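Hi,

Here is the structure I promised to pass on. My notes on what turned up follow below it.

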Amino acid sequence: MKKTILMLTLALSASCLMAQNKVNLSLKGGNVESFNTTDVTAIDVDGSKVTLNLKEGNPKVYEGTLSSISFIRNLAGHVTLTEAAGWMEACYVEWENMSGANNYHVYVKGPGYAEYTRIDKELVRNYGSYGRADMTGLTPGSYTMKVVPVVNDTPMEAAAAETAPLEVKAFNRGGYAHFKYNDGIGAYNNDGTLKSGAKVFYVTSKSAKTITTQVITSAKGNKTTYTGIQDILDGYMKGYDNTPIVFRIVGCLHYDDIDKFSSSSEGLQIKNNKSGQLNITIEGIGNDATVHGFGFLLRNAESVELRNFAIMQFMDDAVSLDTDNSHCWIHNLDIYYGQKGSDSDQAKGDGSVDVKGDSQYITVDNCHFWDSGKSSLCGMSGETGPNWITYHHNWFDHSDSRHPRIRTMSVHVYNNYYDGISKYGVGAAASSEAFAENNYFRDCKYPLLSSMQGSDIAGGGKGTFSSEDGGVIKSYGNIMRGSYTYRTYSESNPVEFDAFEASSRDEKVPSTVIAKKGGKVYSNFDTDPTLIYAYTPDAAEDVPSIVKGVYGAGRMNHGDFRWTFNNNNQDKNYDVIDALQTALRNYETTLVGFYEGDTSLGNEGVGSVNPGGDSSEGDEFPFGDGNLAGDTPVTPPVESGDAFIGTETDYLYFNNDAAKALIDNGTITFNGGSYKGDFTNAEYTDLTGALQLNKNDGEVIIKCPSIATFKAKMLRTGSFAGKVMKSEDGGATYSEVAGLSGKKGVIDFDFSAQLRSDKEVYVKIINTSTGSLSILGLQILLAK
């Protein structure tokens, strides 16, 4: 359905008092194109196709490449806002630093804040050319933020700027961490607000050693003063003080910034020598909070939360829930390489998030694992049980193994995205059990494995899990795409199976389904309402877009560090990517400091946050269904089905036998063109082979059973000119659906919106230019 947004109806039209009102178009790659509203007449939204109509020049057309549209209202002589959005229990605003202003007061209004309320000065930061303020601890709802410049210590209300309404959502509190646990985990209530009497500390590279507080350290209520983040945590370790406390990381904390480490192998230790709640949250502020050179060890800890920060170059494990932890919540972390260990399988560090030592009621969700070697060990061998663990909505991004690797425990694994996994996904051993539900596996070598049976020993040898006893996996609703091996239980295969494939979510696994080694029988914990929480899983086909969306896995805005993996060679690679390792070792934040207080944190606004990647062939960040300030969301494209030509993530290039077979079997035909498997171009030497169309109406026809995605990589040595035609009656009649235009060179065209159909489609591409046109590659995915 087509919808037109007229600028005059937006209350954003220019007047003599208004200047530089903006419409921001957020691209799926993370970039933003900004236009003055005075230069725009209308915006047409037709599904995933967006047309920006300009007062001068040709319209700009975006074919499925936008994630959202937002509007910023700026007044002449006022602060110029550049971006604002709501996130999970937080919102933020960014602005251009204003000439003459040496500080900014930022206010928030919404649920719990009937009038504009000034936020903490430590939430208002200077990044050199721009400023940013984040407000956290919000209950879901609609908020606005106001930025007031301060000149010579005087707030200039007349120059203030306000955001449009910002939609704040709740964190997903599903999973075992919150099961039968009425108290909020960490320092926050379940509604997103701080618990009564909570202490708040802003931890920077300069304050990590100096923050100070008194902690109750005896049964009589005696208090002792502690100074530094680890020292304060050691005070809580005595087990007498459960006052809620939150440590808010601002910018980057390096190893040398910390007062001390109570765990020589991991880093910061959170431990309780007694029993009971600790009520500790460690969270990042904004999109760039990072710890560099260390990780976290939790022992006998209850009610601990880690959220919204990155961990780079950790010592042994990034997060180790080592012994007897309960009701701990690890979520929205970006976890990168650790330091090389002594064992051969520790080149990327040891575990990213390990859950072991009788830890129970733990949730790991919405974490982004970046090429991790061993993502998550779940269980050892000495657990007394039962141990209940949840993994959901995590993005295992080209990581190798342990997603998780389970021993002894009962684990619910749902709605995770396995994105190019070189070894295996879920592994069950040592009499463990797992319910793997509605996950999406893309090019995962072995999506589900049970020790010493099925695919684990199909090639002989001791298997993947050191010949341990097997476990049992119940599988339901999972999607497996690309290259993988998977064997299901059946009457004809009652022994050498990887998992029991349930016909419904509530189906119980029969007691006759047992692990080949050790005889484990599935307990059906997932169908017992006394043993599992209430939840509604997302459809598996939606999982990739959800975890990669604006409310998805990792930090707010997907963090400040960008890297693109090359699916062609990194789906199956488990070696360290040297360029990524170097970028992580050299990482520095771009934060300069606060406007008020610590104005210099030592980085002067220069850092290495966008080192790039190995290739443009990998995944982008499609900021899914996120709503920026006052935006009109763009409907995302329909999820594609099986690959017809090319793969789910890449083109088929016309330089191989598979390409030639499409010509030989009549799928691709020509009228004024030919297949050139040996085609080369001196300027683009890495691209060979082509469907070559003659000048002046040379054409090619591609016959497709259906179309959800249709992309073409084309080359012209002069300007592009041509058209794309569509037929749904076997080629009897064609209608023009798109034109070809653009400057010379290589262009990736996406005609998915124009050609999408669940019927048989003939696609005709006609070259009307005065020189030949080369189609180098095609990617066509069928409609589901």
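Let me start with a loop residue: Asn415 has a relative accessibility of 0%, so it counts as buried (buried means under 20% relative accessible area, exposed over 50%, partly exposed in between, with a 1.4 Å probe and protein chains only). Before I go on, some housekeeping: this is a predicted model, so local features need pLDDT of at least 70 and side-chain atom pairs count only at pLDDT 80 or more, while totals for chains, interfaces and linings use all residues. Residues are numbered from 1 along each chain as its sequence is written, and side-chain values use heavy atoms, with hydrogens and water left out.

Backbone oddities

Back to Asn415: its phi is near 55°, a positive value in a residue other than glycine. The residue is in the loop between strand S37 (410–414) and strand S38 (417–429); helices (H or I, at least four residues) and strands (E, at least two) are DSSP runs, numbered from the N terminus. Asn438 also has a positive phi, near 50°, and lies in the loop between strand S39 (433–437) and strand S40 (440–450). With 10% relative accessibility, Asn438 counts as buried.

Where are the cis peptide bonds that I noted? One joins Gly385 and Pro386, with omega about -10°, and Pro386 is in the loop between strand S33 (377–378) and strand S34 (388–392). Another runs from His403 to Pro404, with omega near -5°. Pro404 lies in the loop between strand S35 (395–397) and strand S36 (405–407).

Aromatic rings

I paired rings of Phe, Tyr and Trp (its six-membered ring) if their centres lie within 6.5 Å; planes under 30 degrees apart count as stacked, over 60 as edge-to-face and the rest as tilted. By this rule there are 34 aromatic pairs. Take Trp95 and Tyr104: the ring centres are 5.2 Å apart and the planes stand at 55°, so this pair is tilted. Trp95 is buried at 0% relative accessibility, and Tyr104 is buried too, at 2%. Phe749 and Phe751, on the other hand, make a stacked pair, 5.6 Å centre to centre with 10° between the planes. Phe749 is buried with a relative accessible area of 10%, and Phe751 with 4%.

Ring pairs also link Tyr176, Phe179, Tyr361, Trp388, Tyr414, Tyr522, Phe525, Tyr533 and Tyr535 into a cluster. One of these, Tyr535, has the charged end of Arg505 over its ring, 4.2 Å from the centre (a charge sits over a ring if NZ of Lys or CZ of Arg is within 6 Å of the ring centre and within 35 degrees of the ring normal). Lys423 does likewise with Tyr574, its charged end being 4.5 Å from the ring centre.

Nonpolar cores

A nonpolar core here is a set of buried Ala, Val, Leu, Ile, Met, Phe, Trp, Tyr and Cys residues joined through side-chain atoms within 4.5 Å. The largest one has 67 residues, and Phe247, Ile280, Phe296 and Phe309 have the most contacts inside it. Leaving aside neighbours within four places in sequence, Phe309 is in contact (heavy atoms within 4.5 Å) with residues including Ile249, Ile282, Val291, Phe296, Leu333 and Arg555. Apart from that core lies another, of 30 residues, among them Cys91, Trp95, Tyr104 and Val168.

Cysteines, a strand pair and an exposed loop

How many disulfides does a search of the whole structure find? The count is 0, taking a disulfide as a pair of cysteine sulfur atoms within 2.5 Å. Cys252 is buried at 6% relative accessible area, and Cys367 is buried at 0%.

Strand S4 (residues 40–46) is mostly covered, with 5 of its 7 residues buried. S4 pairs with strand S5 (residues 49–54) in the antiparallel sense over 6 bridges; two strands pair if DSSP finds at least two bridges between them. Asp46 stands opposite Lys49 in S5.

Finally, is Thr770 buried or exposed? At 68% relative accessibility, Thr770 counts as exposed, and it is found in the loop between strand S58 (761–767) and strand S59 (773–781). Not counting residues up to four places away in sequence, Thr770 touches Lys695 and Asn696. The C-alpha atoms of Thr770 and Asn696 are 5.8 Å apart, with their positions 74 residues apart along the chain.

Cheers
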